[in-house]
Amino acid sequence: MSTIYIHWPFCISKCHYCDFNSVISPSHIDYDHWLLLYKKILLQFKDIYYRSEEITSIYFGGGTPTLLPRHFIMELLETIHLHFTVTDPEITLEANPKTISKSLGSTGINRLSIGAQSIVDDDLKMLGRIHTAAEAMESVFEMAEIFQNISVDLIYNRPRQKLSHWLGELREVLRWPIQHISLYELIIEEGTKMKDIIDSGILSRPNGDSIFLEETIKTTEGAGFNCYEISNFARPGFECRHSMSYWKYEDYYGVGPGAHSRVRLNGKKIAIAQASEIQEWLTWASGSAILDVEYLSAEEEFQERLIMGLRSAAGLDMGNISPELREKHGIDNKIQSLLANSYIMLRGDNVILTRTGLLKLNLIVKYLSGE
Ligand SMILES: C[S@@+](CC[C@H](N)C(=O)[O-])C[C@H]1O[C@@H](n2cnc3c(N)ncnc32)[C@H](O)[C@@H]1O
Ligand code: SF4
């Protein structure tokens, strides 16, 4: 089983906190040309790497893929259905409340991930969002009339935000007609406007206390959403198939500027990266478009499996770690010590973080991955 990721790199404006591979959309885009290039790369994946395995999820991310014309989305989905084995896929579109419309209902998309970020207007301005809280809420209620699978993104532990205010905001959003919610602690990324604002002292740095995370998990689970990853919560059966596939370290084919892929070839995992810079990507994709392949070493694959596996509630499958690597990293002794401290539990071959362990995710990853 594998998944397909389509990256659309344009947004109406750049949010102050965001360091994703996205830029402000030019006034004119030749969509037909872009569509041709996306199809060309998909077909290359199909011809060289695809082994007819089932595609369980297709994900349009960005950037702001809700800016795409509907025919673009539909034609790309048609190409995927024509050349890949796709029976009952989850098809997600990342959506910005300002650029959403009911016409999305007829495109084949069956899951929306709506970036609300906050329901406090002043904070939306501080984050550089282009919509109001009311617009975010209205877009969710409107889309809930046609989509049965809606996720909302919120960012918490923002400058000036008190825990009690955040929990009040969260409780309100948890009453919306949604099946999934992604809750991210604000990260102050290098090179963003938010970093400049904080460095200049205009806004305070977010609180480094883990109490925000602990209370967020408690409140969200209390409302019937299971925490199946440190930032992701779902009503039973609505876990994001796409993310789960990443965490299980399954293959994925990424298309678009900056998109990554991981594919198993001759028993080894290969990494394929595409240029992030738009013009560079366009020149490459319009020309040879030869995919730049790098074989991962056993050590690199181990590190990726560890980071991916430990994040999710399914855990890290030790059956996939070779005896040599287990010995090299002293994994068996480390597992005993983590068990003794109640940071992990074992289910069959899977190492799963307990709630206490989840709060120390980064430290545990570092501990297990070190030699
Ligand atoms: C790739 S973004 C795309 C979402 C969509 N473009 C939008 O903004 O509406 C996915 C999510 O990552 C989260 N995110 C991005 N940058 C972040 C940061 N610096 N700190 C915390 N969360 C962040 C936001 O919640 C965002 O909705
Ligand atoms: S709309 Fe999304 S991708 Fe675009 S700048 Fe804002 S957070 Fe980043």
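**Helices, ligand shells and domains of the predicted model**

In this predicted model, the buried residues of helix 2 are covered by elements that include strand 1 (2-8), helix 1 (31-48), strand 4 and strand 5 (90-95). Helix 2 itself runs over residues 70-83. Its 14 residues reach 20 Å from the first C-alpha to the last, close to the 20 Å expected at 1.5 Å a residue. Phe-72, Ile-73, Leu-76, Leu-77 and Ile-80 are the buried residues of helix 2. Seen down the axis of helix 2, these residues fall within an arc of 125°, so they line one face of the helix. The face turned away from this buried side carries other residues: His-71, Glu-78 and Leu-82 are exposed there. The pattern has a general basis. An α-helix has 3.6 residues a turn, so residues three or four places apart point the same way.

Helix 7 (211-222) was examined in like manner. Its 12 residues should span 16 Å at 1.5 Å a residue. The end C-alpha atoms of helix 7 are 16 Å apart, which agrees. Phe-212, Thr-216 and Thr-220 are buried in this helix. They cover an arc of only 50° around the axis, which puts them on the same side of helix 7. Ile-211, Lys-218 and Gly-222 are exposed on the face of helix 7 turned away from its buried side. The cover over the buried residues of helix 7 includes strand 7, helix 5 (163-174), strand 8 (180-185), strand 9 and strand 10 (232-234).

The chain continues from helix 7 into a loop that leads to strand 9, and Ala-223 is found in that loop. Ala-223 has 14 other C-beta atoms within 10 Å and is partly exposed. Its C-alpha atom is separated by 6.8 Å from that of Leu-174, although the two residues are 49 residues apart along the chain. Gly-224, just after helix 7, takes a positive phi of about 95°.

Helix 7 also takes part in a domain contact. The domain assignment of the protein chain gives domain 1 (2-245) and domain 2 (310-371). The centres of the two domains, taken over C-alpha atoms, are separated by 29 Å. In the contact between them, 7 residues of domain 1 meet 6 residues of domain 2. On the domain 1 side, helix 7 and strand 9 (226-229) are the elements that give two or more residues. The residues of that side divide into 4 nonpolar, 1 polar and 2 charged.

Two ligands were considered next. Ligand 1 is surrounded by 16 residues. The closest are Tyr-17, Gly-115, Asp-153, Tyr-184 and Ile-187. Strand 4 (55-62), strand 6 (111-117) and strand 7 (150-156) each supply at least two residues of this shell. By class, the shell around ligand 1 has 7 nonpolar, 6 polar and 3 charged residues.

The shell around ligand 2 divides into 4 nonpolar, 6 polar and 1 charged. Its residues are Cys-11, Lys-14, Cys-15, Cys-18, Phe-20, Ser-22, Gly-62, Gly-63, Thr-64, Asn-96 and Gly-115. Gly-115 is also among the residues closest to ligand 1. Two glycines around ligand 2, Gly-62 and Gly-63, are joined by a cis peptide bond with omega near 20°. Gly-63 lies in the loop between strand 4 and helix 2.

Backbone geometry was then examined at further sites. Most residues other than glycine have a negative phi, and most peptide bonds are trans. Tyr-249 is not a glycine, yet it has a positive phi of about 65°. Tyr-249 sits in the loop between helix 8 (241-247) and strand 11 (251-255). With 20 other C-beta atoms within 10 Å, Tyr-249 is buried. Ala-289 is not a glycine either, and its phi is positive at about 55°. Ala-289 belongs to the loop between helix 9 (278-286) and strand 14 (292-295). Ala-289 counts as partly exposed, with 15 C-beta neighbours inside 10 Å.

Definitions and conventions
Residues numbered from 1 in each chain as written. Chains lettered and ligands numbered in written order. Predicted model: local features only at pLDDT ≥ 70, side-chain atom pairs only at ≥ 80, totals over all residues. Near = placed C-beta within 6 Å. Helix = DSSP H or I, 4+ residues; strand = E, 2+ residues; numbered from the N terminus. Nonpolar A, V, L, I, M, F, W, Y, C, P; charged D, E, K, R; others polar. Expected span 1.5 Å × (residues − 1). Buried ≥ 20, exposed ≤ 12 C-beta atoms within 10 Å, placed from the backbone. Arc of directions from axis to C-beta. Contact = placed C-beta atoms within 7 Å. Domains from an automatic or database assignment.
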